[in-house]
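This report walks through selected features of one protein model, moving from charged pairs to a helix and then to the surface. The sequence and the structure come first.

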Amino acid sequence: LKIAAFTVVNSYGLVVDRNGNTDSCYTENGLERELPIAELIRQRIDTLTSNESRGRLASNKNTTVSVLVVNQALEPSLLKRLAAQVHTSMGRYIQPCATLYDGDVFYVVSTAEIDQEKINSVDIGVLAGEVMWDAALSATPKQPEHPKIGNNIAIARLDLESMTGDYYFSDEAILRIFLVRNKLTAKAIGKRDIFAISKNPKLLTPLSTTSFTVFDKVPLILDFSSNRKVIVNPGPWQQVGLVKPN
């Protein structure tokens with residue numbers, strides 16, 4: 001028997017590890033620590049107001065898209081029941097799960113490589129729920145640490161000017177880099193913010209001659225080491241913006 005789980009997690013709820021703590025979370029002072037989901041929900045309930053709750057309906061758009069593949073032959077009714085069982089089990093590690101803000105999609109597929117029943121579908125669901133939990137944890141990478149700010153980083157104006165321009169991540173996400181009193185400054189000029197960079201200009205603090213940061217609760221690094229390109233949060237989850245040719 002083989003079980004494979006794939007998921008893209010953009011849930012309204014937080015992803016929780018097997019100890020009941022949030023898997024990736026920053027506190028207000030930007031430090032990582034264990035945060036029990038039960039405590040966070042309790043705090044949320046204690047501070048909830050009706051006006052705040054009603055106002056959130058129009059702005060939140062979340063979804064978790066998942067695919068489960070098994071190689072044992074299962075008839076369509078059992079595949080549907082397996083999907084219901086595993087999606088329900090996702091409520092253990094996405095809390096809250098399947099809310100009004102979530103547009104979850106869940107597919108279950110059988111390759112039918114094994115014709116005879118090796119394990120009944122309920123036990124497959126138990127195993128698949130654990131595999132899907134692993135997939136969800138894999139989809140929430142370890143958060144980067146806040147960068148250390150260096151002292152006396154001198155960057156020539158000509159080099160700063162070479163980093164200016166409009167960097168396109170998509171038609172809706174555009175980052176404008178410009179100079180204000182010889183200091184690199186950034187603002188979003190598209191419909192969407194670029195992480196902590198909104199339409200209000202923010203000064204960029206140099207980390208080196210080609211990388212900069214923006215002070216925020218969540219670390220944000222902009223790397224200009226490649227010509228006419230900016231890499232946001234370099235690494236496996238990086239986002240790349242390109243200057244469009246004239």
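Glu 39 is partly exposed, with a relative accessible area of 31%. The model is a predicted one, and within it the side chain of Glu 39 meets that of Arg 42 in a salt bridge, with an N to O distance of 2.7 Å. Since the two residues are three places apart in helix α1, about one helical turn separates Arg 42 from Glu 39. Arg 42 has a second partner, because Asp 46 also forms a salt bridge with Arg 42, the closest N and O atoms being 2.7 Å apart. Asp 46 and Arg 42 both lie in helix α1 and are four residues apart, which is again about one turn of the helix. An α-helix has 3.6 residues a turn, so residues three or four places apart point the same way. As for solvent accessibility, Arg 42 is partly exposed at 41%, whereas Asp 46 is exposed, with a relative accessible area of 53%.

The count of salt bridges comes to eight. Among them is the pair of Arg 18 and Glu 130, whose side chains meet at 3.1 Å, N to O. Arg 18 lies in the loop between β2 and α1 (37-47), while Glu 130 lies in helix α4, so this pair ties together parts that are 112 residues apart in sequence. Arg 18 and Glu 130 also belong to a network, in which salt bridges that share partners join them with Arg 92 and Asp 134. Three of the pairs discussed here involve the residues set out below.

| Residue | Relative accessible area | Class |
|---|---|---|
| Arg 18 | 41% | partly exposed |
| Glu 130 | 30% | partly exposed |
| Glu 39 | 31% | partly exposed |
| Arg 42 | 41% | partly exposed |
| Asp 46 | 53% | exposed |

The loop between β2 and α1 also holds Thr 22. Is Thr 22 buried or exposed? At 7% relative accessibility, Thr 22 counts as buried, because the cut-off for that class is under 20%. Leaving aside residues up to four places away in sequence, Thr 22 touches Leu 14, Val 15, Val 16, Leu 35, Ile 37 and Leu 40.

Helix α4, which carries Glu 130, covers residues 121-138, and its 18 residues should span 26 Å at 1.5 Å a residue; the end C-alpha atoms are 25 Å apart, which agrees with that expectation. At the start of α4, a side-chain oxygen of Asn 120 reaches to within 2.9 Å of the backbone nitrogen of Val 122. Which residues of α4 are buried? They are Ser 121, Ile 124, Gly 125, Ala 128, Gly 129, Met 132, Trp 133, Ala 135 and Ala 136. The elements that cover these buried residues include the strands β1 (3-10), β2 (14-15), β3 and β5, together with helix α3 (76-89).

On the surface, Val 8, Val 65, Val 105, Tyr 107 and Val 109 form a nonpolar patch, and together they have about 410 Å² of accessible area. Strand β5 (residues 105-114) supplies the largest share of this patch, with three residues. Another member of the patch, Val 65, lies in strand β3 (residues 63-72) and is partly exposed, with a relative accessible area of 36%. That value places Val 65 over the 30% relative accessible area that patch residues need. Both β3 and β5 are also among the elements that cover the buried residues of α4.

Methods: Residues are numbered from 1 along each chain as its sequence is written. This is a predicted model: local features need pLDDT of at least 70, side-chain atom pairs count only at pLDDT 80 or more; totals for chains, interfaces and linings use all residues. Side-chain values use heavy atoms; hydrogens and water are left out. Patches are made of residues with over 30% relative accessible area and no salt bridge: like charges are joined within 9 Å, nonpolar side chains (Val, Leu, Ile, Met, Phe, Trp, Tyr) within 5 Å. Accessible areas come from the Shrake-Rupley method with a 1.4 Å probe; for residues, only the protein chains shown count as cover. A salt bridge is a side-chain nitrogen of Lys or Arg within 4 Å of a carboxyl oxygen of Asp or Glu. Buried means under 20% relative accessible area, exposed over 50%, partly exposed in between (1.4 Å probe, protein chains only). The expected span of a helix is 1.5 Å times one less than its number of residues. Contact means heavy atoms within 4.5 Å. A polar contact is a pair of N or O atoms within 3.5 Å; within protein, one must be able to donate a hydrogen and the other to accept it, and residues adjacent in sequence count only if both atoms are side-chain atoms.
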